[in-house]
Amino acid sequence: MTLRLGYGTNGLTDLRLDDALGLLADLGYDGVGLTLDHMHLDPLAPDLAARTRQVARRLTGLGLGVTVETGARYVLDPRRKHGPSLLDPDPGARAARADLLVTAVGVAADLGAHAVHCFSGITPPHTATDTAWERLTGALAPVLDAAERAGVPLAVEPEPGHLLASLADFHHLRTLLGDPGPLGLTLDIGHCQCLEPASPADCVKEAAPWLRHVQIEDMRRGVHEHLPFGDGEIDFPPVLEALAATGYAGLTVVELPRHSHAGPELARASLDFLRRATGTTDGAAPC
């Protein structure tokens with residue numbers, strides 16, 4: 001199977017979206033992880049449908065696939081990073097996050113995206129764990145309904161420090177929700193290195209049946225810091241071999257959200273690294 005490589009727009013925030021997409025196509029990427037944010041297809045600004053159609057035409061013209069990502073830091077609240085979350089004590093605030101995800105599902109359907117990514121959020125202070133899970137499952141219900149109608153998987157990401165932090169937590173969510181068809185997994189390879197008991201390659205094998213989106217970067221054990229390839233501890237060839245062996249057909253997106261100041265150069269260097277890691281250096285898609 002062929003791996004389809006992408007780069008996240010949250011690592012290209014100093015570029016206009018049109019320029020970022022052109023850069024990735026010119027470099028030879030197969031697709032893009034598009035984070036809906038104020039500078040890149042703002043999900044809250046007027047004329048979203050028309051702007052989405054324009055981006056869809058641009059993606060088609062460049063031959064780029066797309067995943068819609070929803071990790072914008074301040075898109076809903078200019079004062080709270082990733083706030084409000086699906087775990088917010090205020091039902092109206094939780095609904096605002098769920099509404100954003102429903103909007104993202106609609107955008108993804110219009111773009112022909114292969115998945116919508118999301119995460120749980122951090123458990124608020126003084127909140128019982130059972131209460132947090134109840135809030136999460138309740139808030140996700142309308143999003144999963146929208147994903148079912150649109151035919152777009154919802155790919156939940158285990159995020160260090162969040163309520164849903166691990167693969168085990170993902171399976172707990174599946175059980176609580178009754179294993180709904182639209183629910184899938186975003187696997188971040190760096191997060192596997194950071195906190196999972198198994199190796200990143202073994203995490204890929206374990207997660208294979210539920211993979212709907214993959215993010216990739218380097219990382220060190222016990223430190224949640226997204227690093228350029230070669231700056232962390234991950235042995236990438238076994239990870240990429242395991243990923244290719246799963247038959248996963250979505251994008252594997254480089255995730256460097258704190259490196260936009262060097263985004264164009266890191267996009268080039270990241271693709272070169274991944275091609276070397278797969279033994280593909282002639283510009284062909286790695287496999």
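The largest cavity is a good place to start, and its volume is about 60 Å³. A cavity here is a set of points on a 1 Å grid over the protein atoms alone where a 1.4 Å probe fits but cannot get out. Grid points are joined across faces, edges and corners, and a volume is the space filled by probe spheres set on the points. You are looking at a predicted model, in which local features need pLDDT of at least 70 and side-chain atom pairs count only at pLDDT 80 or more, while totals for chains, interfaces and linings use all residues. Residues are numbered from 1 along each chain as its sequence is written, and side-chain values use heavy atoms, with hydrogens and water left out.

**First stop: the largest cavity**

Select Thr 70, Ser 85, Leu 86, Arg 97, Leu 101, Cys 118, Phe 119, Ser 120 and Gly 121, the residues that line this cavity; a lining residue has an atom within 4 Å of a point. Colour them by class and you will find four nonpolar, four polar and one charged. Here Ala, Val, Leu, Ile, Met, Phe, Trp, Tyr, Cys and Pro count as nonpolar, Asp, Glu, Lys and Arg as charged, and the others, Gly among them, as polar.

**Second stop: the other cavity**

The whole structure has two cavities of 30 Å³ or more. For the second largest, with about 40 Å³ of space, select Pro 158, Ala 165, Thr 186, Leu 187, Asp 188, His 191, Cys 192 and Glu 196. Two elements, β6 (183–188) and α6 (189–195), each give two or more residues to this lining, and β6 has the largest share, with three. Helices (H or I, at least four residues) and strands (E, at least two) are DSSP runs, numbered from the N terminus.

**Third stop: a pair of cysteines**

Stay with Cys 192 and add Cys 203 to the selection. How far is the sulfur of Cys 192 from the closest cysteine sulfur? The distance to the sulfur of Cys 203 is 3.7 Å, too far for a bond. A disulfide is counted when a pair of cysteine sulfur atoms lies within 2.5 Å, and the whole structure has zero of them. Cys 192 is buried at 2% relative accessible area, and Cys 203 is buried at 1%. Buried means under 20% relative accessible area, exposed over 50%, and partly exposed in between (1.4 Å probe, protein chains only).

**Fourth stop: helix α5**

Now select residues 167–177, which form helix α5. Its buried residues are Leu 167, Asp 169, Phe 170, His 171, Leu 173 and Arg 174. Show α4 (129–150), β5 (154–156), β6 and α7 (200–207) as well, since the buried residues of α5 pack against them; contact means heavy atoms within 4.5 Å. Just after α5, Gly 178 takes a positive phi of about 80 degrees.

**Fifth stop: the largest pocket**

A pocket is an open set of points with protein on both sides within 12 Å along at least five of seven lines. The largest pocket has a volume of about 590 Å³. Of its 31 lining residues, Gly 71, Arg 73, Lys 81, His 82 and Pro 257 lie nearest its centre. By class, the lining has seven nonpolar, 15 polar and nine charged residues. Highlight strand β9 (residues 223–227), which gives the most to this lining, with three residues.

**Last stop: Gly 247**

Finish in the loop between α8 (236–246) and β10 (251–254), where Gly 247 sits. Gly 247 is partly exposed, at 32% relative accessible area. Add Thr 2: Gly 247 and Thr 2 are 245 residues apart in sequence, but 8.2 Å apart in space, C-alpha to C-alpha.
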